[in-house]
Amino acid sequence: MRTAAGAGPPLLFLHGYPSSSYDWRHLLELLPEQEFACFDFLGFGLSEKPRDHVYSLLEQADLVEGIVRLLDIDRVVLVAHDMGTSVTTELLARDIEGRLPFRLLSVLLLNGSMVLERASLTTSQKLLRSRLGPLAAKLSNERSFRAQFGRLFSPSHPLTPEEAADQWALLAYGGGNRILHRLTHYLHERVTYADRWHGALRDWDGELELAWGMLDPVSTEAVLSAVRALRPRAPVTRLAELGHYPQLEAAGALAPIVARLAGIGR
């Protein structure tokens, strides 16, 4: 977990699959006066990676609650990407039910396949979800990872060799690449809990915005349109030249949005 003191309210960053809180480093450098916290979900980055675990987003949401409790804060501005967006929708659902133990001041959702049927899953994701998933995870290697991960980035902001090496090292730490089929369990949960999480997107009455890399090959414009159908009044910033990882490709495009939402939270 990484934290920093500063002006409030605290920003809490939730990363996506298959990466880690390392994704936020460029954005955090552009918010030097802001209090923040970010951490690796169980199974990702430098976190523990139990081999036979069921990696549920419900548990990851519990982990968010635990982190907030550990930090002894009672309000946050939430910024989430990819898998983290579905963890966020579970937190929204809990807030609607009146059982979230902290106040969500505002939320910013980046590219994430929250409406799964509108997403264009990668070949790797489809394979890992299938009965061949354990074999695919066993055979995973840095070369194939670099090729697949690189396709998520836009032509004008390509994945660099250095970034690819860092991302693979974090994924492979503690054998994380060998449990990729287990880490994709969240895709099944996006189906199982679709009504709950879509309803939370629609019904949560707080400040929620979207910032979207429009060249994302997975969480495409079709996904954005489906999310907006659920929440038509949500402000959207379309990042025309960016892909699936806006925070890695051009953090400067996100920093003003995050800073403004933190200001609204005050």
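**Figure 1. Surroundings of D72, an exposed residue of the predicted model.** D72 is exposed, with a relative accessible area of 70%, in a structure that is a predicted model. The residue lies in the loop between helix 2 (57-71) and strand 4 (75-80). Its phi is near 60 degrees, a positive value in a residue other than glycine. Most residues other than glycine have a negative phi, and most peptide bonds are trans.

**Figure 2. The loop that holds D82.** D82 lies in the loop between strand 4 and helix 3 (83-96). Phi of D82 is near 55 degrees, again a positive value in a residue other than glycine. With a relative accessibility of 6%, D82 counts as buried, whereas D72 is exposed. The cut-off that decides this is 20%, since buried means a relative accessible area under that value.

**Figure 3. The cis peptide bond from Y17 to P18.** The peptide bond that leads from Y17 to P18 is cis, and its omega is near 0 degrees. P18 belongs to the loop between strand 2 and helix 1 (25-29). Strand 2 itself covers residues 7-14 and pairs with strand 3.

**Figure 4. Strand 3 and its two pairing partners.** Strand 3 spans residues 34-38, and 4 of its 5 residues are buried, so the strand is largely enclosed by the rest of the structure. Strand 1 (residues 2-4) pairs with strand 3 in the antiparallel sense over 3 bridges. In this pairing, R2 stands opposite C38 of strand 3. Strand 2 (residues 7-14) pairs with strand 3 in the parallel sense, over 4 bridges. Here A7 stands opposite Q34 of strand 3. In a regular strand the side chains alternate between the two faces of the sheet.

**Figure 5. Strand 6 with strands 5 and 7.** Of the 7 residues of strand 6, 6 are buried, so the strand is largely enclosed by the rest of the structure. Strand 6 covers residues 207-213, and strand 5 covers residues 103-109. Strands 5 and 6 run parallel and are joined by 4 bridges. The bridge partner of L109 in strand 6 is L210. Strand 6 is also joined by 4 bridges to strand 7, and these two strands run parallel. On this side, W212 stands opposite R238 in strand 7.

**Figure 6. Helix 10 and its cover.** Helix 10 consists of residues 194-203, and its buried residues are A194, W197, H198, G199, A200 and L201. The cover of these buried residues includes four helices and two strands by name: helix 2, helix 3, helix 9 (185-192) and helix 11 (221-230), together with strand 5 and strand 6. Strand 5 and strand 6 are themselves joined by bridges.

**Figure 7. L242 and its contacts.** L242 is found in the loop between strand 7 (236-239) and helix 12 (246-249). Its relative accessibility is 4%, and the residue therefore counts as buried. Leaving aside residues up to four places away in sequence, L242 touches S154, H157, G213, M214, L215, D216, E249 and A250. One of these, S154, is 88 residues from L242 in sequence, yet their C-alpha atoms are 5.4 Å apart in space.

**Figure 8. P158 and T89.** P158 is found in the loop between helix 6 (142-150) and helix 7 (161-172). The residue is exposed, with a relative accessible area of 52%; the cut-off for this class is over 50%. P158 and T89 are 69 residues apart in sequence, and the distance between their C-alpha atoms is 30 Å.

**Figure 9. The whole chain, as context for the close-up views.** The chain has 13 helices and 7 strands. Its radius of gyration is 17 Å, which agrees with the value near 18 Å that a compact globule of 266 residues would have. Along the principal axes, the C-alpha atoms fill a box of roughly 50 × 35 × 35 Å. Of the 266 residues, 56% count as buried. Among contacts between residues at least 6 apart in sequence, 81% join residues at least 24 apart. The accessible surface comes to about 11,300 Å², and 52% of this area belongs to carbon and sulfur atoms. There are 28 positive and 31 negative side chains, and the centres of the two sets lie 5 Å apart.

Terms used
Residues are numbered from 1 along each chain as its sequence is written. This is a predicted model: local features need pLDDT of at least 70, side-chain atom pairs count only at pLDDT 80 or more; totals for chains, interfaces and linings use all residues. Side-chain values use heavy atoms; hydrogens and water are left out. The radius of gyration is taken over C-alpha atoms; the globule rule is 2.2 Å times the number of residues to the power 0.38. Buried means under 20% relative accessible area, exposed over 50%, partly exposed in between (1.4 Å probe, protein chains only). Contact means heavy atoms within 4.5 Å. Accessible areas come from the Shrake-Rupley method with a 1.4 Å probe; for residues, only the protein chains shown count as cover. Lys and Arg count as positive and Asp and Glu as negative; His and the chain ends are not counted. The place of a charge is taken as NZ of Lys, CZ of Arg, CG of Asp or CD of Glu. Two strands pair if DSSP finds at least two bridges between them.
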